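Trainee: Hi! I'm new to this one, could you walk me through it?
Mentor: Happy to, here it is.

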Amino acid sequence: MSTQTNKALRYTKRLVGFDTSSKLSNRLICKYLEMKLTKHGFVVERVAYLDANRVRKVNLIAKKGAGHGGLAYFGHTDVVPARRWFTKKCSPFEPRIARDRLYGRGTCDMKGSIACMLTAVQRFSWDDLKRPFYFVLTADEEIGFGGAQQVVDESKYYREMVDHQTKAVIGEPTSLEVVHAHKGSCKISAVTRGVAAHSSGTAGRNANLEMIPFLAEMKTIHDESMQNADWQNEAFDPPTISMNICVRDNMEAFNVTPSKSICRMYVRSMPRVDMDAVYQRIRAAAGRHNVKLKMQPFNGFWSEPDSPFVTETLQLVHRKTPKTVSYGTDGGVLTELQDKIVFGPGNIAQAHTFDEWISLEQLEQGTEMYAKLIRHWCC
């Protein structure tokens, strides 16, 4: 194992050791990363905010080098919860190596990527950089991209990137394939109300029964989305809007009529699909069946696959064609930056799992690839 790989591995293990589940504050990991970035020549801007639960979150936007343009790396410090873990020998936040893999929550998504870039950028002194390199670390990516939105709204360095159209790499796991587009999404919450009572009598009103007609229409829309080519885009795998429907009523007893029924849906939008028509049908169904509806859409992004930035990057990293992915990233918020790709170590299949891991080989290759990008776009 090379010295650089060892360093990326050490950084990954250190970062995984911080429990940064999205419901918690990420202040401590940001304090550590700010110290490392400052040590290695960055000037660091902090954009802090309180999330919807009044938990303090921190974004770091760091710059190294003079001039304009250059390259920006975007990563997120939060991780999904780890309520279940594959072993009792250690917690998800105690990283362990086995079979040339590093296991731990966030190894793949995406602390391994952050560690690779932190290692790669240390190869370059301030004097090496003819154009700047920006290191952006956001909060709350996993629960709605709130940190990235704060960066867009408040960061002076981000405004500088927009003014000079800095190239952007979102370091999510792509197995180091160049990704030029990803789907957007829409979180939908549908609620019906009833009256709780003993189910043996007639005093109650079952909220789930109130929800069923709406759900029937949602199934019709779901089935149509799986069959109607107008609602599909073959550039993605799967080519559908992947309409996921989840229902719960939180009742603890079978002999009580539920007073509230909640349907949550997650729909993934794509370019060249008329999502407004889909959303209008959902709203109309909610109106017909007295369902209280909330919708929260998030952008996808699309960089032309034959754009100069994508083409040059493919050549740099020795890949033939760019890919698309079906998951979302902070890239959907960074709409003012024209040249963007998603590119990072680790396989998305290992993200969010009960045994999340990243291969040591991907850490090594990720560090080398990131160093190539910095050298090309900043030196």
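Trainee: Is helix α3 mostly enclosed or open to the outside?
Mentor: 15 of the 15 residues of α3 are buried (under 20% relative accessible area, 1.4 Å probe, protein chains only), so the helix is largely enclosed by the rest of the structure. Helices here are DSSP runs of H or I with at least four residues, and strands are E runs of at least two, numbered from the N terminus. This is a predicted model, where local features need pLDDT of at least 70, side-chain atom pairs count only at pLDDT 80 or more, and totals for chains, interfaces and linings use all residues. Residues are numbered from 1 along each chain as its sequence is written, and side-chain values use heavy atoms, without hydrogens or water.

Trainee: Cool. What about strand β7, which residues sit on each side?
Mentor: Lys167 and Val169 are on one side, Ala168 and Ile170 on the other, and all are buried.

Trainee: And which strands pair with β7?
Mentor: Strand β3 pairs with β7 in the parallel sense over 4 bridges, and β15 does so over 3. Pairing needs at least two DSSP bridges between the strands. Ala168 is the bridge partner of Ala72, while Ile170 has Val342 in β15.

Trainee: Switching topic: where does the charged end of Arg14 sit?
Mentor: Over the ring of Tyr32, 4.8 Å from its centre. The criterion is CZ of Arg or NZ of Lys within 6 Å of the ring centre and within 35 degrees of the ring normal.

Trainee: Which ring does Arg84 lie over?
Mentor: That's Phe354, with Arg84 at 4.7 Å from the ring centre.

Notes:
Buried < 20%, exposed > 50% of the residue type's maximum accessible area, 1.4 Å probe, protein only.
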